[in-house]
Amino acid sequence: MKAKFPTSKKQLVPSALLPEWKAAAETNKMLNYTSRAPNFCRIQKVETETVNNYSRLYGIELEVERRSNTPTDIIKRVYESMPGCVIVKSDSSLSNGFEIVSAPATLEAHRVFWQNFFISNTDEKAPASHLKSFDTTTCGMHIHISRASLNPVLLYNFWNFFNKHNHDEYISRIAGRGRNSYSAPVESASFLDTISRNSQRYHYVNLSNTATVEVRIFRGNTDYIGFFKNLDFLDSLLKLLVINPKANGHDYIKYVLANKQDYPYMHMWLRKHKVDLEAVVPSEIPPKGKKPLGTKVDPSIFKFPGEE
């Protein structure tokens, strides 16, 4: 597709391709499902950024299915569109597809290197145009957030936003799909239960990983705006919860509208869906017999797995 909207003009910090990535890219074959992107790709950032152990990095897992006329060398084309930035691996939950997994990267870096997956600067079609994701029953988009970038209170408030009472419809509108066997809100377990590494992983917010927090709500998307809207949603929500820990659905809508220059894709989506989304903002009054969540939080009781 040709770009019909502003694209990032920033540049990634140049880095040599790892030999493991080169070997994978040359085969036009899927890697094993257990393969991990950090073993093949370096952390990605743009030239104006510095990254440390506490920087907010995102890792994306995009599930896609082939179309009837998808080129046989599509895996090679995916690799060539994002050199050193992604791997392609198998996923048994898909019918005739694969999973594209990104390197850990800043929000700005993702906006740069995924562009060539969606937008072609040549006569060849971009890889995304040969694949489908949203219009399937099999594909999701999971986004990992570096856990070290979230202090315990922010992590709790983030988890709480997704698991508030009557919040299903609001989350579903943004995610593009409702709860399913791979992604559902926490019904009865507490935050302290779900933060354990032994907890069930198929929640809206999976807290069972050591290094990342995984958000599993999104329907897969090979549309440029829809894809980046998902990233914008998580980054903007985290920024809002820092300044307003008890933010609700209405607060989120107002925040994006006031910060459209920072979150252009979520803003574009919201301009189209604002009325529908406002209609399903959940009541802040909990159901009878249930206590409100998040009224008092003691940071000292929330420790990450393995912390002394």
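Two strands are regarded as paired if DSSP finds at least two bridges between them. All views are drawn from a predicted model.

**Figure 1. Overview of the protein chain, with its 10 helices and seven strands.** The chain comprises 308 residues, of which 53% count as buried. Among contacts with a separation of 6 or more, 75% are made by residues 24 or more positions apart. The exposed surface amounts to about 15,100 Å², and carbon and sulfur atoms supply 50% of it. The structure also holds 10 salt bridges, some of which appear in the later views.

**Figure 2. Strand 1 and its antiparallel partners, strand 3, strand 4 and strand 5.** Strand 1 spans residues 58-66 and is mostly covered, with eight of its nine residues buried. Five bridges connect strand 1 to strand 3, which is formed by residues 97-102. In this pairing, Leu62 stands opposite Ile100 of strand 3. Another five bridges link strand 1 to strand 5, residues 140-146, and here Gly59 faces His144 as its opposite residue. The pairing of strand 1 with strand 4 (residues 131-132) rests on two bridges, and Arg66 stands opposite Leu131 there. In a regular strand, side chains alternate between the two faces of the sheet.

**Figure 3. Surroundings of Glu214 in strand 7.** Strand 7 runs through residues 212-219 and includes Glu214. Because its relative accessibility is 1%, under the 20% limit, Glu214 counts as buried. Two polar contacts of the Glu214 side chain are shown: one to the side chain of His142 at 3.3 Å, the other to the side chain of Arg201 at 3.4 Å. When residues up to four places away in sequence are set aside, Glu214 touches Glu61, His142, Ile143, His144, Arg201, Tyr204, Val205, Asn206 and Asn209. One of these residues, His144, is also the residue opposite Gly59 in the pairing of strand 1 with strand 5.

**Figure 4. Helix 6 and the elements that cover its buried residues.** Helix 6 consists of residues 168-175, and its buried residues are Tyr170, Ile171, Ser172, Ile174 and Ala175. Their cover includes helix 5 (152-163), strand 7, helix 8, helix 9 (249-258) and helix 10 (264-278). Within the helix, the side chains of Arg173 and Glu169 form a salt bridge with an N to O distance of 2.8 Å. These two residues are four apart in sequence, about one turn of helix 6. Arg173 is partly exposed because its relative accessible area, 35%, lies between the limits of 20% and 50%. Glu169 likewise counts as partly exposed, at 39% relative accessibility. Gly176 follows the helix and has a positive phi, near 85°.

**Figure 5. Helix 8, from its start at residue 224 to its end at residue 243.** The 20 residues of helix 8 reach 29 Å from the first C-alpha to the last, close to the expected 28 Å at 1.5 Å a residue. Helix 8 is mostly covered, as 17 of its 20 residues are buried. At the start of the helix, a side-chain oxygen of Asp223 comes to within 3.3 Å of the backbone nitrogen of Ile225. Farther along, the side chains of Lys239 and Asp235 meet in a salt bridge of 3.4 Å, N to O. Lys239 and Asp235 are four residues apart in the helix, so about one helical turn separates them. Lys239 is partly exposed, with a relative accessible area of 37%, whereas Asp235 is buried, at 6%. Elsewhere, salt bridges that share partners join Lys10, Glu108, Arg111 and Asp232 into one network.

**Figure 6. The salt bridge between Arg111 and Glu108.** The closest N and O atoms of this pair are 3.1 Å apart. Arg111 and Glu108 both belong to helix 3 (residues 107-113), where they are three residues apart, about one turn of the helix. Arg111 counts as buried because its relative accessibility is 8%, under the 20% limit. Arg111 and Glu108 are also members of the salt-bridge network that includes Lys10 and Asp232.

Technical notes: Residues are numbered from 1 along each chain as its sequence is written. This is a predicted model: local features need pLDDT of at least 70, side-chain atom pairs count only at pLDDT 80 or more; totals for chains, interfaces and linings use all residues. Side-chain values use heavy atoms; hydrogens and water are left out. Buried means under 20% relative accessible area, exposed over 50%, partly exposed in between (1.4 Å probe, protein chains only). A polar contact is a pair of N or O atoms within 3.5 Å; within protein, one must be able to donate a hydrogen and the other to accept it, and residues adjacent in sequence count only if both atoms are side-chain atoms. Contact means heavy atoms within 4.5 Å. The expected span of a helix is 1.5 Å times one less than its number of residues. A salt bridge is a side-chain nitrogen of Lys or Arg within 4 Å of a carboxyl oxygen of Asp or Glu. Accessible areas come from the Shrake-Rupley method with a 1.4 Å probe; for residues, only the protein chains shown count as cover.
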